[in-house]
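Got the model open in your viewer? Let's take a short walk through it, one selection at a time.

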Amino acid sequence: MSAHTDPYARTEEATHVTPSTEFDDERKTKVKAQLDEVLDPCSCMSDHPISILDLGLVESIAVDGRDVEVTLLLTSQRCTYFLDINDEVRERVESLDEVDSCEVHQDTSGQIWTNDRMSTEEREARRQRFHDQMDAAGVTPYAERSD
């Protein structure tokens with residue numbers, strides 16, 4: 001391992017839908033674009049809105065004819081905003097001419113959301129905001145060694 005290895009670099013291919021995910025199916029590409037417009041309610045309350053796509057909540061997009069299924073892996077299985085997210089996803093996806101219906105499901109496989117699912121840009125921006133807040137407060141987030 002190199003001394004300059006990035007501890008936040010992804011070591012394996014993402015299995016969920018990311019901003020860089022490409023689809024052969026044009027409808028899936030359009031659905032993904034709509035999902036990128038859905039903002040995570042909690043991030044909006046912290047004044048740093050992040051799309052559910054950038055946050056890594058979109059587990060999968062399935063298209064069957066004119067019907068779409070979107071599966072989300074939420075940051076908490078007890079997310080109180082799931083119904084709000086569900087409504088907005090359905091509204092945006094069903095606004096596409098190629099789509100008749102959209103169902104949104106919560107991933108219940110037991111998989112746990114971690115911040116490595118976030119887009120690299122958003123993860124780095126989050127880390128920078130943390131450091132900026134610590135600097136502004138005059139606090140160091142790390143313990144210093146004493147001699």
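Start by selecting helix α4, residues 82–94, in this predicted model. From first C-alpha to last, the 13 residues of α4 cover 18 Å, close to the 18 Å you'd expect at 1.5 Å a residue.

Now show side chains on α4. Phe 82, Ile 85, Asn 86, Val 89 and Val 93 are buried. Look down the axis and you'll see why they belong together: their arc is only 100°, so they sit on the same side of α4. The general rule behind this is that an α-helix has 3.6 residues a turn, so residues three or four places apart point the same way. Spin round to the face turned away from that buried side, and you meet the exposed residues Leu 83 and Glu 91.

What do the buried residues of α4 pack against? Select α1 (26–35), α2 (41–45), α3, β2 and β3: these are the elements they pack against.

Keep the two strands on screen. β2 (residues 67–72) and β3 (residues 101–106) run parallel to each other, paired over six bridges. For one of the partnerships, pick Asp 67 and then Ser 101, its bridge partner in β3. Trace the chain from β2 through α4 into β3 and you've followed a right-handed β-α-β crossover.

Next stop: helix α5, residues 120–137. Put a distance label between its end C-alpha atoms and it should read 26 Å, which agrees with the 26 Å span expected for 18 residues at 1.5 Å each. Glu 122, Arg 123 and Met 134 are the ones to colour here, as they are buried in α5. Their arc around the axis is only 115°, so they lie on the same side of α5. Flip to the other side of α5 for Glu 121, Asp 135 and Ala 136, which are exposed.

To see what the buried side of α5 meets, add α3 (52–55): the buried residues of α5 pack against it. Then step just past the helix to Gly 138, which follows α5 and has a positive phi, near 70°.

Last selection: the cysteines. How many disulfides does the structure hold? Zero. Click on Cys 42 and you can see why: its closest cysteine sulfur, in Cys 79, is 5.9 Å away, too far for a bond. Cys 44 is in no disulfide either, with the nearest cysteine sulfur, that of Cys 42, 9.0 Å away. Switch on a surface to finish: Cys 42 is partly exposed at 42% relative accessibility, and Cys 44 is partly exposed too, with a relative accessible area of 31%.

Definitions and conventions. Residues numbered from 1 in each chain as written. Predicted model: local features only at pLDDT ≥ 70, side-chain atom pairs only at ≥ 80, totals over all residues. Heavy atoms only, no water. Disulfide = S-S within 2.5 Å. Buried < 20%, exposed > 50% of the residue type's maximum accessible area, 1.4 Å probe, protein only. Pairing = 2+ DSSP bridges. Helix = DSSP H or I, 4+ residues; strand = E, 2+ residues; numbered from the N terminus. Right-handed = clockwise from strand over helix to strand, strands pointing away. Expected span 1.5 Å × (residues − 1). Arc of directions from axis to C-beta. Contact = heavy atoms within 4.5 Å.
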